[in-house]
Structure formats: structure tokens, C-alpha cells
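Me: I have a structure to go through, and I want the reasoning behind each label. Please set each value against its criterion.

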Amino acid sequence: MGTWDVLLGSIIAIAGACIFLEARTFPNLAGGYPGPGLFPQLLGVLFVLSGLGVAGNAVVKRAWAWKPPLSDHPSREKINALLVVLAVIFYILLADTLGFIPMAIIILIALMFRTGVSLRWSIVLGIGLTLAIYIFFNRILHVPLPSGILKYWL
Amino acid sequence: MLDIILQSLASLADPTVIAVILLATFYGLFIGGMPGLTVTMAVALFVPFAFFLDPVPALAAIVTLQAMGIFAGDIPGALIRMPGTPASAAYTDDSHALSQQGQARLVLGVDVIASALGGLMGAIVLIVGASALAEFALTFSSYEFFWLALLGLSTTAFIATASPIKGLVAVILGLFLSTVGIDITLGFQRFTFGNPNLLGGISFIPAMIGLFGVSEVLRIVLRGQMHLAYAELEKGASFLPAIGTVWRYRLNALRGGIVGLITGVLPGAGADIGAWLAYGVCKRFSKEPEKFGKGSMEVIVEAGVANNSDLAAEWIPTLVFGIPGDAFTAVVIGILMLKGLRPGPAILHDYTNILVAIYITFILVNLLMVPFGFAAIRASSHLLRVPRNVLMPIILLMCIVGAYAINNDLFDVGLMLVMGLLGFLLEANGFPVAPIVLALVLGPLLEQSFMISLIKSEGDLTLFFSRPVAAILGTLTLVVWILPLVPLAKKLITVRQA
């Protein structure tokens, strides 16, 4: 964790400096009283100090052991985690066009199959669970889930 | 008062409320009992449902979810040495060691009785304490609220985390996120980068679903352990032996309850702190300290009572001051706001019916915990057999729908993903995530009370200590800041002497 602490601590400190500088441009209240910039400026200073603290702590402990990110995990699991992230991005980009039902079925089947559920069960559970979630949220709680290509049928 | 109690009972007797409480019972027992899934995640995923419920069923569900989930966290702790919730972590080694010795059913039975007992103790203190404290809190000015919010955040940063400096980073990050959006004093846009979706600030619910839901899915998928090996339950009855065991350690139960109540009332300290503190106290006064970690029943009773008595007591600062005890009660504040109920001293007068309904729910749920808890123990082997590779994609989909449901906006799904990745990255590097949520909720109160106090005092910081209660709270806050420096100072002295 050491090298990462140095890196993250430095990023936090730099982010703190940016917050401080940006907040300095915020206006003051009438009569010279501090305005909306004061609180974020204080937070910026605290970010810089705590970021330096995190980095400094790692330096003092001489924790230099470099480990590439997620190196403890097998590559199959890393790809699965990446798929989780891609599934959400995929949903954000295509939900309005394709609609909730096709998107949810694709995501469930892909993730279940990838993490070791048989293809047959992935398809059965993917379709069944999507419909259950759709009925619960859309028909019972009236959440307007995107209908996409199925808008004339739903 | 009798009228109010009868009205509250009538509101709880509503079929919707009963159904919601029962569903929350199963949901809490299920999520709490699943290793790796926290009760905080359960409540994060529940919030979108709460959005569609009336205040009484929404809050009753939260109370149920919390109590059942914290108890159920003991199940995987005992059977596979993986606590279901952080609150169970303190005595997991003891529970598991006893399970390995063929006493799993007894340990879990003791957990049910201890949890129910702790919950009832907490409920009584909540009922008595909240009203008494609310009268007192009416005299609070911006100085007291400022110190109280800062004390809560300081506790969560410096005491409730393994690394105080990383806890501090998490708190500052949460506070920074709370400043995004239109500022209330001048209507000035802060850190929105021209994005209209950020004008109203960082939406609390998608942020929380990301931090607790998506990051947890990522962690479990990355770990890749989809099926778990668990200890089998021994045959035989467990109810009467469990009662007998708790009775044998009744003084431990009482002491654990008191420790839990004290940590619960302290803003910023959650049930896990209560359990760890009770563990420490129990070990300090035990006649058999050598048994600790190897199968001590007395610590299971003491810490088991402590974490559940803490839960109800946490609602006191949450309701009376609007200062949550942990990430869970931070969600309670979010739900109260969502329902148009502003937590603070006036809440006891303005919404007495709702509060009495909450009190009754606390008592009811802790009584219900006994039959449902023993049923959950019987079903525990089935619970642990649920394949996580089926569960994780479902949870991810629920996260997506939950984040979307509040504003019907895909921007919130993106926000959830960003917060999920942030939570994952931070936790992987030893930064706690719960303080971010706490600070996100407390940020506006802290900033507002700070600015009002600063303007009132015309920049004279000594006036922040001018009122007696403010001075006590301010001093307590300073003590919390100094505490992490004590080991460092001791180390320096030792190095110099060497």
C-alpha cells in the first residue's frame, strides 16, 4: 500500500490546492463578510495537509514495496470486475435507445455466465429476474424505466 | 399521550406497514446473513423504495432492517469466520472457535437473545432520552450545532477508523462533495463546472448506492469466491440453553448494554465501535482473559448486547440534533429529509405520532427478533448456499434501477458508478468509506452553523467557546483530535529514551 499511499496522498494534496485556488475566486458577502468560498478554502487547506500526511506517513514507514494494481487477483476475476464497470457504462449509453428490459437481460446473462453460472440458467434467471424487477419498479412503484425498442409493446 | 400511542399503534397496524416490516425482516436477515454484504448496502438499496412509502412504513422498515441485519451479521461470523457486518467483527473469532467445537447453534442462539436484549435496552433509552434531550437541545445556538457536527465528524475520522489520517481524508472528501451545487447564501454555483445536473448538489442516494453497493459488488466479483465452506450446526434445541447462557453472563450483558448506549449517543460512533469497546471492557475485567479470541462466551454476550443497544441509542443524536451516529443513521437523515421531516429538537413536537411509531417499532422488532432469529439460524445453511455469482449481477441491476428511480435521470447512474469506483479505490487503499457519507450529510449543517457563528462572533473564535455547552463540546472535539497523537508522542518519547 506504501507506494500507492505516496501517489494518492500527492493527488489528494494537489486536488486540495486546486480546490483552494478555485474557491478563492468565489465572491464575498456584503460588508466584507466571508462568503461561499471560505468553507471550501478551509477544506482545500485540510486536503493539502492530510494528503501530505498520507504521503509522508508512507515515506516515514519506508513502505516502498511496489505492487501493480490488483496484482493479488487472478486475471479472470479482474476481467469480471471490469465487465461490471462496463455493464453500467453500457447501460448509461444505450438504455434510452434499447430500453431497460433488453439491457437488463443482456447485463444479467453476461455477468452470470461470466462468473460461472451455466448458460441455460443464466438465460432463465436473466429473463425471469429482469421481468420481476421491471414489474416491481415500473408497474408497482411507477418508476418510468426506459422502454426503448419495446415502447409500442409496453 | 395515550391518544398518541393509540394513534401510532393504529398506524403500525396498517396492512402495508405490517407487510413492509415483514419484508424488511427477511431482507435484513438475508443481507446481514450473507458474508460480505453489509447492512449499510442493504439500506442504500432500500432508499429508492422508501421514496415511494409513507414516513411510518419507511422508517419502520429502516428500524427493522437495521436490527435484523446487525443480528444476522453474526451468522456468517460464527459459521465461516466472515462477519456479515462490521458490528459483528469484534467477536467473530470467538463465535467461530466455539462453532468449530460443535457449539454453533448455541452461539447463534446466544447472539439472538443478546441482540434482542440489547435492542430493548436501546429502545428504552431512546424513548426516555430523546424527549429529555430535545427539551435541552431547544436552547442550542449555532455554536453548539457547529461543535456537535464537528464532534461527530471528528469521532468518525479519528476514533472509528484504523488510520486517523485516512479517516480525515474521507471526512474532508465528503464535506467537499457537500459543497457542490448552488450555495444558499448568495446563490453562487460552486464546483458545478457548468453542469446543470450538479446545480442541486451531489445527489445523496446515487452517491450512497455507489459507495456501498457498486463498490461491494466489485470487491466480491474481484475476490471470485462464489461458493463458501461453512461449519455445520449441531443437532438439538438452542432456545433454553441460549437463555441460560445469557442469564449466566447477565452482568456482562448489562455492562455491554451500557457501553453500547454510551457509544450510540456519541455522534459519529457506530455499532462496530460499541462492539469493539465492549470487547475491550470485557477482556479488561474478565476472569478468563486467555479464552478471548479462542471461544469466550462471555464476550459474545457482552459485545452482542452492545452492538444492538447502540443501534437504538444512535437514533437519539440523529433525531434530536440531526447528527447521525454512523452511515446507517446518515441514511435515516436522508430519508427524513426526503419525507419533508427536518430532524432537530422540534421534530419531537412536530411529528410526535411518527416518533412514537418509531419507538414502538423498536420494541416490536426486538421482540420479533427472537422467533425470526431462531428461524434464520435454522435456515442459515441454505442462506450461505445462495450462489454469489447469481446474487451479484442482481445487486448491480438493483443499484442501477435504485440510482435511476429517484430523479429518473441516467446522470445519477453515472454518478453512482463514479462514486462506486471511488469507494472501491479508497477502500482498497485503506481509506474508510462510511465517513464520506456521514460528511456528505453533515456538510450543510456544519458549514451553515460555522458561517452563522463566524458572522455572529465577527471572526472572534473565542466566542465559539463562550457558552457552557459549546465549551464542553468544543473541548471534547479537541480531545478527539489529540487522542490519535498520544501513541505517536509515546513512540517519540520511547525512541528518545532509547
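Me: How many salt bridges does the rule find across the interface of chain A and chain B?

Reply: In this predicted model, the rule finds 1 salt bridge across that interface.

Me: What makes the meeting of B:Lys166 and A:Asp5 a salt bridge?

Reply: The N to O distance between the two side chains is 3.0 Å. The criterion asks for a Lys or Arg side-chain nitrogen within 4 Å of a carboxyl oxygen of Asp or Glu, so the pair B:Lys166 and A:Asp5 qualifies.

Me: Which helices of chain A supply residues to the side that touches chain B?

Reply: α1 (2-24), α2 (38-60), α3 (75-98), α4 (100-114) and α5 (119-140) of chain A each supply at least two residues. The largest share, 13 residues, comes from α3(A).

Me: How do you know what class of residue prevails on the side of chain A that touches chain B?

Reply: By class, that side has 47 nonpolar residues, against 9 polar and 5 charged ones.

Me: How many residues does each chain bring to the contact, and how much area is buried?

Reply: Chain A brings 61 residues and chain B brings 55 residues. Between them the two chains bury about 5200 Å², with 87% of it on carbon and sulfur atoms. Of the area that chain A buries against chain B, A:Phe39, A:Val88 and A:Phe137 supply 12%, more than any other three residues. The rule also finds 4 residue pairs in polar contact across the interface, both residues being at pLDDT 80 or more.

Me: Why is B:Glu144 with B:Arg467 called a salt bridge?

Reply: Their side chains meet at 2.7 Å, N to O. The limit is 4 Å, therefore the pair B:Glu144 and B:Arg467 counts. B:Glu144 lies in helix α7 (residues 142-159) of chain B, while B:Arg467 is in the loop between α20 (434-456) and α21 (468-482), so the pair links parts of the chain 323 residues apart. Over all chains the count comes to 7 salt bridges.

Me: What makes A:Leu119 part of a nonpolar patch?

Reply: Patch members need over 30% relative accessible area, and nonpolar side chains are joined within 5 Å. A:Leu119 is listed in the patch with A:Phe113, A:Ile123, A:Ile127, A:Leu131, A:Ile135, A:Phe136 and A:Ile140, so A:Leu119 meets these conditions. Together the patch residues have about 690 Å² of accessible area on the surface. A:Leu119 is in helix α5 of chain A, and α5(A) gives the most to the patch, with 7 residues.

Notes
Residues numbered from 1 in each chain as written. Chains lettered and ligands numbered in written order. Predicted model: local features only at pLDDT ≥ 70, side-chain atom pairs only at ≥ 80, totals over all residues. Heavy atoms only, no water. Contact = heavy atoms within 4.5 Å. Buried area = accessible area lost by both parts, 1.4 Å probe. Polar contact = N/O pair within 3.5 Å; in protein donor to acceptor, adjacent residues only side chain to side chain. Helix = DSSP H or I, 4+ residues; strand = E, 2+ residues; numbered from the N terminus. Nonpolar A, V, L, I, M, F, W, Y, C, P; charged D, E, K, R; others polar. Patch = residues over 30% accessible without salt bridge, like charges linked within 9 Å, V, L, I, M, F, W, Y side chains within 5 Å. Areas by Shrake-Rupley, 256 points an atom, 1.4 Å probe, with all protein chains shown as cover.
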